[in-house]
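Student: Got a minute to walk through this model with me? I'd like to go from one residue out to the sheet around it.

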Amino acid sequence: MKKIAIYIYMLAVKVIGCLTRLFPVQQKVVFLISFEENPAAILKQMEHDKVIPNTVVFYDPRLNVTKISLDFLKLKPKNLAQFIPLMFHLNTAKVIVTDNYFVELAGVKLRQGASCIQIWHANGALKKFGWEDKAAQQRTAADKKRFQAVYKRFTNVVVGSDEMATIFQKSFLQDEAQMLKIGVPRTDYFFDEAKLQASTDWTLNSLKLSNKKKLLYAPTFRDDELHSTSLHLNIAEMKQALGDGYQLILKLHPSINNDLEKLEDDFIVYANKETPIETLLPVVDILITDYSSIPFEFALLEKPMIFYTYDLQEYNKARGLSDDYLETIPGPHVFTTTELIEEIKKASFDLEKVRQFAVKWNKYSDGHSSARFVSLLKERLEK
């Protein structure tokens, strides 16, 4: 049934795509997004620079669009009711900006002078994605053809480092010339001391955090935990060993429908999906993560991190980790809660390695990435 549904949907994408191309290209920008950070940075910069063309934003309905509810935008949820408008706007836009893989792009044919810019939703990668994802290579020939059709729509990809440019070329089957080395818009925040301080104050108050040191556990998304999940951490053991001096903040991936039983405890704090990850990072003393892209931004704060890789072999087999993952990560990796506690207590972190990691992966991100993107956008619209 799933294959039939996909076939029918892709047929509709192709047919409606052809019909909407009967209309002329308009001087407009269409955003197709599933995450908030990069689009928000760009849209606010557009408003600041008074680059405000006709702009339509189609967003994942699960996304909180509060930060991008600006006066000059037309906001539309990406759902079946908006399917025909979506295909119309995509096929008549001068510039498409997207931050993820969207199958509807396979039904787009860019006319002369039009662009589709992939801004992605992370500025680094410790796990494989796109064409490099091991799971993708196990899909059917029809699926692979669909993936390639979407990748071909990307005229450019925004990157913050040469390393990420190389990854994108492999993951999206792109050429070096298609890489826009202008920095990642969402990283501008980490160069703004006023915003960092405001985030710190807001987070401390809204989450009612104590004056103890803060641990943040932010694991990556796992396909098998889409509808349910478990912590894989022994909270009782952590509290007994660290409760006097630390408080643990839990932040799950926004794609996860979390049905964890909430523990009423002064040691653990739950940051819900409405709490942006970037507002948490300034208050955190130690980040605990695994294969997430968060370290690439957190490193800009020059703070320690530990990689809790309890399923390292299984995850690498299923999804695929980046080449030399263990050599790349700027902190110790552990497999158990006991080992994690030992590393926290030991506190012998190599912050110079963290700094070098930040410089390497944020080479083109300097606090002005959004401004450069908007300048580029203005040029594309005027072509």
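Tutor: Sure, one term up front: contact means heavy atoms within 4.5 Å. This is a predicted model, where local features need pLDDT of at least 70, side-chain atom pairs count only at pLDDT 80 or more, and totals for chains, interfaces and linings use all residues. Residues are numbered from 1 along each chain as its sequence is written, and side-chain values use heavy atoms, with hydrogens and water left out.

Student: Leaving aside neighbours within four places in sequence, which residues is Ser161 in contact with?

Tutor: Ser161 sits in the loop between strand E6 (156-159) and helix H6 (162-171); these are DSSP runs, at least four residues for helices (H or I) and at least two for strands (E), numbered from the N terminus. Skip the neighbours within four places, and the contacts of Ser161 are Lys360, Trp361, Asn362, Lys363 and Tyr364.

Student: Is Ser161 buried or exposed?

Tutor: Buried means under 20% relative accessible area, exposed over 50%, and partly exposed in between (1.4 Å probe, protein chains only). Ser161 has a relative accessible area of 0%, so it counts as buried.

Student: In E7, what is the bridge partner of Val158?

Tutor: Strands pair if DSSP finds at least two bridges between them. E6 and E7 pair in the parallel sense over three bridges. They belong to an open sheet of seven strands, ordered E3-E2-E1-E4-E5-E6-E7. For Val158, the partner in E7 is Leu180.
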